[in-house]
Amino acid sequence: MSKILAYEEKDTWIHQLSGVSKLIFFLLWCFTSMITYDTRILAFMVLFSLIIFKISKTKWKQVGAVFKMIMLFLTLNVIAIFVFSPDQGTHIYGTRTVLFHIAGNYDVTKEQLFYEFNVIIKYFTVIPAVFMFLVTTNPSEFAASMNKVGISYNVGYAISIALRYIPDVQGEFTKIKHAQEARGIEMSGKASLFSRIKNTSSIIFPLIFSSMDRIDVVSNAMELRGYGKHKKRTWYMEKKLRRNDYLTIAFTIVFMIAALIITFADGSRFYNPFV
Amino acid sequence: MAPIIEFKDFSFKYRAQTEPTLRNINLAIMPGEKVLIVGPSGSGKSTLAHCINGLVPFSYTGESTGTLQIAQKDPATLGIFGLSKIVGTVLQDTDGQFIGLTVAEDIAFALENNLVPQEEMFKKVDEAAEMVDVKKLLGNAPGELSGGQKQRVSMAGVMVDDVDILLFDEPLANLDPATGKRAIDMIDQIQKKKQKTILIIEHRLEDALYRDVDRIVVIGEGRIVADTTPDELLSTDILNQQGIREPLYITALKHAGCVISPKDSPQHIETMNLQGYTAAVKNWFEKAPEKPKEKETTSVLKVEDLYFSYTEGKPILQHIHFDIKKGEMVSIVGKNGAGKSTLSNLICGFYKPSRGKILLDGEDMAPLSIKERGEKIGLVMQSPNQMISKPMIYDEVALGLVVRGVPEEEIKERVYKTLKTCGLYPFRNWPVSALSFGQKKRVSIASILVMDPQVLILDEPTAGQDYRHYTEIMEFLKEINENYGITIIMITHDMHLMLEYTDRAIVIADGHLIADDTPAKVLTNEEIADKAYLKKTSLYDLAVNCQIGQPSEFVERFIAFERENRMQKEEQEDV
């Protein structure tokens with residue numbers, strides 16, 4: 001069974017960090033990456049991401065499939081920007097250096113290429129961070145970490161519950177699918193796409209009904225064991241913050257402030273090599 | 001000492017219902033008592049439990065009259081959370097109530113909600129896990145546990161809170177017999193070690209009585225029909241009247257014409273004083289007719305040297321071989337996870353065997369697609385909710401024919417015919433949602449029967465059903481088996497079902513076929529029963545304790561006698 005983007009236990013200092021520090025790092029890192037268009041900072045972030053990605057001993061097969069998907073979207077995104085806004089670069093950087101003409105008012109300009117290059121490396125600053133957060137954080141710790149950074153425990157627990165029951169629902173889905181196939185509802189490649197979509201309903205409805213039965217049990221079970229009694233709750237899987245955690249959080253905050261200061265030093269979030 | 005639970009003239013009516021579900025309940029339970037609450041489905045026994053743990057009225061609203069006190073307090077002032085500190089409930093759905101991502105988190109759940117500091121939680125979770133013997137599993141996810149282990153985790157999860165009352169809602173419903181026995185034993189140990197008050201709600205009386213209980217409360221139509229010791233109760237006819245199955249040895253004693261006396265302690269067959277009964281039982285055995293010989297028919301489903309594994313080197317099934325004859329009713333039994341479902345998946349073609357053949361009417365099925373097999377071998381899932389996808393009964397039953405492109409006129413004819421067979425014809429234009437669970441089960445069977453299969457495979461056809469519904473479903477299956485010659489294979493861990501309704505049991509343990517024999521022989525063979533997590537039938541103990549030399553023959557004759565009785569009863573009803 002392939003476990004894409006699933007947590008794997010490994011002995012690195014990144015794995016040992018508390019989920020809270022990883023979550024803070026992840027959120028602030030993404031925030032910084034979203035705000036800044038300063039190429040120097042983005043370049044540093046890409047480099048740094050790749051280094052810690054390496055340290056976390058994440059294997060390609062854990063993330064490869066998702067990475068390919070992201071690449072597809074990145075490509076679409078880059079093309080879409082050019083199609084809908086071919087002069088965005090000029091608009092930002094104020095100059096217009098045409099490299100060659102395509103058709104109509106579509107010119108390839110240096111500014112546009114540079115702008116889109118920035119978009120691409122923004123993706124690359126975030127991708128390793130997302131992957132790392134997911135594969136190095138024990139899902140049992142997600143809820144506790146989210147709660148610690150101030151998000152209501154209901155939100156965290158909803159995610160936990162989803163993670164808990166997804167395998168059960170998958171198992172149920174397979175069972176129902178098999179039973180319906182035996183009744184003659186074709187779900188394999190033999191049927192046309194349209195009839196397959198239509199046939200999905202014969203799996204989805206039983207799945208919903210049997211899941212409904214379950215929701216009732218789950219909510220009763222939770223209530224009977226005191227869920228929602230207090231405004232707060234404690235967490236069995238919470239990891240105490242240790243030296244490395246404080247260092248990580250401190251580094252993240254210092255880095256973000258520095259990055260934002262450098263970015264906005266000239267009053268714009270863009271680094272402009274054209275003037 | 002004051003009672004820990006006390007109902008006084010208590011009645012309760014759900015908001016959506018016109019009639020009260022509980023009427024005039026007077027019941028006092030003392031601290032440290034172990035009480036078994038029995039009653040058929042719809043008798044109000046679950047409602048009674050909900051009143052104790054607070055789901056009534058806090059989750060399911062309604063009106064009540066009279067008083068209820070739990071630990072000398074009014075539940076209304078305690079609220080559901082206050083009650084949760086006093087009453088711990090273990091529900092019957094072992095999967096649904098497992099909330100944590102791992103065993104440790106699930107046990108800690110109540111503590112987390114009570115703001116217990118982490119250090120203390122570690123300690124308490126360890127203790128609770130130790131108590132129910134799951135300490136080695138603390139880091140495991142629920143998917144890696146067996147049903148019995150999940151249930152023990154749930155027990156730890158309520159005990160961790162140091163509640164005074166433990167309430168078990170049908171703890172045996174989802175377990176194989178041996179695991180069920182272990183659960184009852186575990187509950188007994190907990191009570192003895194921790195002096196908790198224990199309430200067990202269950203309709204499988206014989207299995208629940210594996211360990212002593214102080215009292216049995218029988219609920220029927222919302223009232224308490226009996227509240228007495230097991231020995232007293234088993235000497236009466238109340239259970240039969242209420243549609244609860246008596247322990248089989250009690251039924252056998254009654255067949256033999258014995259009048260059971262409480263002073264012979266009939267609660268456990270192992271320790272019952274049988275002196276006054278032996279002669280009668282022996283006499284009955286000698287007079288009882290032998291089981292009629294089955295006539296030989298041709299093979300319909302034959303499995304030859306079947307192997308299956310998901311990953312090389314880890315076989316799920318090995319060297320499975322059997323031959324099912326036309327018109328037989330066969331049970332496939334074995335502990336949870338032994339490979340029973342895998343076997344049915346292989347027969348239906350969802351998986352491909354790694355080696356071996358499955359023959360239908362002597363022809364290899366390997367080249368047939370799932371759909372083609374589905375016309376010959378019908379699969380009925382455990383819950384009708386897993387199958388029903390159309391809102392109207394007619395459409396649901398017609399579905400298999402519609403997707404096969406059968407002409408509309410023929411569909412109509414065949415659907416009506418099947419609905420008549422299944423006793424659903426009067427409801428043909430009804431929506432499925434208006435039916436009871438048992439009727440929905442029939443719809444799901446009808447939707448398969450309409451395709452005229454030769455073989456019907458049913459996964460746990462009677463799971464969670466009380467004696468009356470169980471009999472209803474099984475008699476229906478028996479009928480289609482006899483009248484239409486359909487071969488029926490049932491995957492089950494219900495010992496009664498296999499004993500009473502099947503001619504043959506195929507026993508699978510750890511991927512191997514360990515027996516293929518009559519249920520009576522299987523259930524009187526200690527070695528097989530142990531290996532396959534089955535439970536020796538109490539009839540065997542009765543026979544042995546009455547010095548009957550051929551215990552399995554005794555069981556055969558008992559079953560034959562019961563069947564005869566049932567048939568006569570039906571004929572009388574028909575007249």
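Leaving aside neighbours within four places in sequence, which residues is Lys357(B) in contact with? Hold that thought for a moment. One caution comes first: this is a predicted model.

Now the reply. Lys357(B) is in contact with Glu304(B), Asp364(B) and Ala366(B), once neighbours within four places in sequence are set aside. Where does Lys357(B) sit? Its place is in strand β13 of chain B, residues 355–360. Is Lys357(B) buried or exposed, or in between? It has 15 C-beta neighbours inside 10 Å, so Lys357(B) counts as partly exposed. For a sense of distance, take Ala208(B). It lies 149 residues from Lys357(B) along the chain, and their C-alpha atoms are separated by 41 Å.

Next, the domains. The assignment for chain B gives domain 1 as 5–245, domain 2 as 247–287 + 538–575, and domain 3 as 327–352 + 366–537. Look at domains 2 and 3 of chain B. Their centres, taken over C-alpha atoms, are separated by 30 Å. Ten residues of domain 2 of chain B are in contact with nine residues of domain 3 of chain B. Who supplies the domain 2 side? Helices α22 (538–545) and α23 (551–574) of chain B each give at least two residues to it. The most comes from α23(B), with six residues. By type, that side of domain 2 of chain B has six nonpolar residues, two polar and two charged.

Chain A has its own assignment. Domain 1 of chain A is 13–138 + 239–264, and domain 2 of chain A is 148–224. Between the centres of these two domains of chain A there are 34 Å, again over C-alpha atoms.

Now put the chains together. How many residues does each chain bring to the contact? Chain B brings 50 and chain A brings 44. On the chain B side, several helices give two or more residues, among them α3 (75–84), α4 (103–113) and α5 (118–131) of chain B. The most comes from α4(B), with seven residues. The chain B side splits into 24 nonpolar, 19 polar and seven charged residues.

Stay with α4(B). How many of its residues are buried? Eleven of eleven, so the helix is mostly covered. The buried residues include Glu105(B), Asp106(B) and Glu112(B), along with Ile107(B) and Phe109(B). What does the covering? Part of it comes from the other chain: α7 (139–148) of chain A is included, together with α5 and α6 (147–159) of chain B. Just after α4(B), Leu115(B) takes a positive phi of about 60°.

On to the core. In soluble globular proteins, nonpolar side chains tend to be buried together. Here the largest nonpolar core has 206 residues. Those with the most contacts inside it are Ile107(B), Ala156(B) and Leu539(B). The element that gives the most to this core is helix α6 of chain A, residues 110–136, with eight residues. Zoom in on Ala156(B). Not counting residues up to four places away in sequence, it touches Ile107(B), Ala128(B), Ala129(B), Met131(B), Val132(B) and Val134(B). There is also a second, separate core of five residues, including Ile41(A), Leu42(A) and Met45(A).

Now a sheet in chain B. What is the order of its six strands? It runs β5-β6-β7-β3-β8-β9, as an open sheet with mixed pairing. The edge strands are β5 (87–90) and β9 (223–228) of chain B, and each pairs on one side only. From one strand to the next, the twist averages 20°. Inside the sheet, β3 (34–38) and β7 (197–201) of chain B pair in the parallel sense over four bridges. One bridge there links Ile37(B) with Ile201(B) in β7(B). Helix α7 of chain B, residues 177–194, packs on the sheet. It touches β3, β6 (165–169) and β7 of chain B, and its direction makes about 160° with that of β7(B).

Last stop: strand β18 of chain B, residues 504–509. Five of its six residues are buried, so β18(B) is largely enclosed by the rest of the structure. It has a parallel pairing with β12 (329–333) of chain B, over four bridges. There, Val330(B) has Arg504(B) as its bridge partner. With β19 (512–517) of chain B, β18(B) runs antiparallel over five bridges. In that pairing, Val507(B) is partnered by Ala515(B). The two strands β18(B) and β19(B) form a hairpin with two residues between them. In the turn, Asp510(B) has a positive phi of about 45°.

Notes
Residues numbered from 1 in each chain as written. Chains lettered and ligands numbered in written order. Predicted model: local features only at pLDDT ≥ 70, side-chain atom pairs only at ≥ 80, totals over all residues. Core = buried A, V, L, I, M, F, W, Y, C linked by C-beta atoms within 7 Å. Buried ≥ 20, exposed ≤ 12 C-beta atoms within 10 Å, placed from the backbone. Contact = placed C-beta atoms within 7 Å. Domains from an automatic or database assignment. Nonpolar A, V, L, I, M, F, W, Y, C, P; charged D, E, K, R; others polar. Pairing = 2+ DSSP bridges. Axes fitted to C-alpha atoms, helices over the stretch in contact; angles between N-to-C directions.
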